Amino acid sequence: MKITDACVHPYPAGDSTLARMTIEAAELGFDSIVVIGDAGDRHPGIEVLRGAVICAASQKEVIKQVRSPAVRGADVVFVNAGDTSFNRAVVAVKEVHAIKNIHATRKNAFDHVAARTAAERGVAVDISMASIVHLRGTKRQRALQQYADILSLHRRYGFPLTISSDARSILGQRSVRDIRGLCALFGMTGAEVSEALSSFGRITEPHQPVRVVE
Amino acid sequence: MKPRPPTMRGKRRYILARILPYGMAADQKQVYFSVIEAATSLFGDAAVGLAQPAVVFCEGGYVVVRCRRGAEKDIAAALATVNAIADERAALRTVAVSGTIRALRRRIKPIRPLSAAGDVKFGETYFTVYRYPRQKVDLVEKGIKHQKSLFFTEADLEER
């Protein structure tokens with residue numbers, strides 16, 4: 001059970017290098033992080049997974065991008081959420097591991113149909129701490145509403161959740177303790193936070209029925 | 001004025017938080033304004049008024065925030081949403097919560113630069129280099145106000 005920060009953006013996208021972010025993540029209580037971009041060499045004390053984020057307008061585009069060499073080499077593939085039909089379609093794509101930026105979509109963009117498919121296929125929904133930490137006013141209220149809605153769907157259908165700091169700097173990284181406090185704002189319990197932080201193994205290597213090879 | 005007897009006083013909790021970036025010389029008043037702004041925008045005036053947050057002291061890269069007992073989780077969550085102190089990018093990381101300041105003082109481990117600051121040039125920009133324990137290197141752009149900061153390690157600096 002590895003505690004994983006599901007998404008960080010190191011230098012040059014942000015102002016902190018990957019090595020520095022791994023040191024900070026280890027101090028903050030994480031065992032692994034997912035890096036968008038180049039994961040570089042091995043880092044002592046912490047596992048670094050390579051992630052890729054797909055921004056697309058249609059399922060066709062997602063499938064096209066998933067087959068590109070840059071995305072194929074990634075350990076974790078995220079897709080930025082869109083409207084209802086897009087989300088329903090994208091959770092059915094085999095190579096997609098998680099949906100990101102759900103807070104930026106319209107209300108009910110991720111509905112019960114998408115939730116059921118996500119649960120069947122083991123596709124996760126990412127909860128970004130950056131939207132709670134950096135946004136203010138109505139935008140943050142909307143993000144909290146979206147996360148509360150996602151949480152109720154998660155409790156009903158059982159699809160996995162991931163939690164990411166979405167940090168571009170060490171100043172954006174938050175400790176496991178802080179994440180627990182922030183997730184409590186939209187009703188997530190400590191056990192649910194622990195499960196979400198350690199759900200990466202389940203997403204990248206889902207439980208499948210035993211196949212007889214011979 | 002005669003002080004209230006101890007049994008009549010409200011119970012308090014103290015939260016110790018580390019200020020990032022390390023070298024930041026944060027003013028207590030400015031930290032207080034940042035904490036209040038973050039807490040008020042998150043929980044509203046009524047909840048923050050009841051929680052009674054206050055900055056007790058701010059020194060050595062740490063800040064101690066006082067609040068009413070029972071509100072410490074909310075205030076700790078609010079501290080996690082602090083993005084800036086006096087218009088400078090910053091973060092507060094909760095280290096410990098206790099009922100006494102004395103217990104928190106024992107948890108304070110001052111973080112000071114390892115050696116004298118040096119200079120380095122990236123592209124057209126000059127940065128001052130501050131080295132900290134665990135191979136951490138902070139680069140602060142030379143200038144008067146709103147300098148850019150970069151957070152590297154010793155190995156990253158050698159590569160460049």
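1. Helices here are DSSP runs of H or I of at least four residues, strands are runs of E of at least two, and both are numbered from the N terminus. On that basis chain A of this predicted model holds 10 helices and 7 strands. For chain B the corresponding content is 4 helices and 10 strands, and the elements follow one another from the N terminus as β-α-β-β-α-β-β-β-α-β-β-β-β-α.

2. On overall dimensions, the C-alpha atoms of chain A occupy a box of roughly 50 × 40 × 30 Å along the principal axes. The radius of gyration of chain A is 16 Å, which agrees with the value near 17 Å that a compact globule of 214 residues would have. The C-alpha trace of chain B, again taken along its principal axes, spans about 60 × 30 × 30 Å.

3. Within chain A, the helix pair α8(A) and α9(A), the latter covering residues 190-197, deserves a look: their axes come within 10 Å and cross at roughly 125°. The two helices are therefore oblique to each other, and their crossing is right-handed. On the side of α8(A) the contact is made by A:Val176, A:Ile179, A:Arg180 and A:Cys183, while α9(A) brings A:Gly190, A:Val193 and A:Leu197. By class, these contact residues of α8(A) and α9(A) are 5 nonpolar, 1 polar and 1 charged.

4. Within chain B, helix α1 (residues 28-51) packs against helix α2 (residues 72-79) at an angle of about 160°, and the axes of the two are 8 Å apart. Since angles over 145 degrees count as roughly antiparallel, that angle makes α1(B) roughly antiparallel to α2(B). The crossing by which α1(B) passes α2(B) is right-handed. From α1(B) the contact draws on B:Val35, B:Ala38, B:Ala39, B:Leu42, B:Phe43, B:Ala47 and B:Ala51, and from α2(B) on B:Asp74, B:Ile75, B:Ala78 and B:Leu79. The contact residues of this pair comprise 10 nonpolar and 1 charged, with no polar residue among them.

5. Chain B also contains an open sheet of 4 strands in the order β7-β8-β9-β10, with antiparallel pairing. The edges are taken by β7 (118-122) and β10 (149-153), each of which has a single partner strand, so one side of each is left without a neighbour in the sheet. With direction ignored, neighbouring strands of this sheet are turned by 35° against each other on average. In the interior of the order, β8 (residues 125-132) and β9 (residues 136-141) of chain B pair in the antiparallel sense over 6 bridges; B:Thr128, for example, has B:Val140 of β9(B) as its bridge partner.

6. Two strands of that sheet also meet the other chain: helix α1 of chain A (residues 18-27) lies across β9 and β10 of chain B and runs at about 80° to β10(B). The contact between the chains takes 21 residues from chain A and 23 residues from chain B. On the side of chain A that touches chain B, the elements giving two or more residues are α1, α6 (130-134) and α8 (176-183), and the largest share, 4 residues, comes from α8(A). Sorted by class, this side of chain A has 9 nonpolar, 6 polar and 6 charged residues. Helix α8(A) thus appears twice in this note, as a partner of α9(A) and as a contributor to the contact with chain B.

Notes
Residues numbered from 1 in each chain as written. Chains lettered and ligands numbered in written order. Predicted model: local features only at pLDDT ≥ 70, side-chain atom pairs only at ≥ 80, totals over all residues. Axes fitted to C-alpha atoms, helices over the stretch in contact; angles between N-to-C directions. Parallel < 35°, antiparallel > 145°, perpendicular 65-115°, else oblique. Left-handed = near helix turned anticlockwise from the far one by under 90°. Contact = placed C-beta atoms within 7 Å. Nonpolar A, V, L, I, M, F, W, Y, C, P; charged D, E, K, R; others polar. Pairing = 2+ DSSP bridges. Rg over C-alpha atoms; globule rule 2.2 N^0.38 Å.
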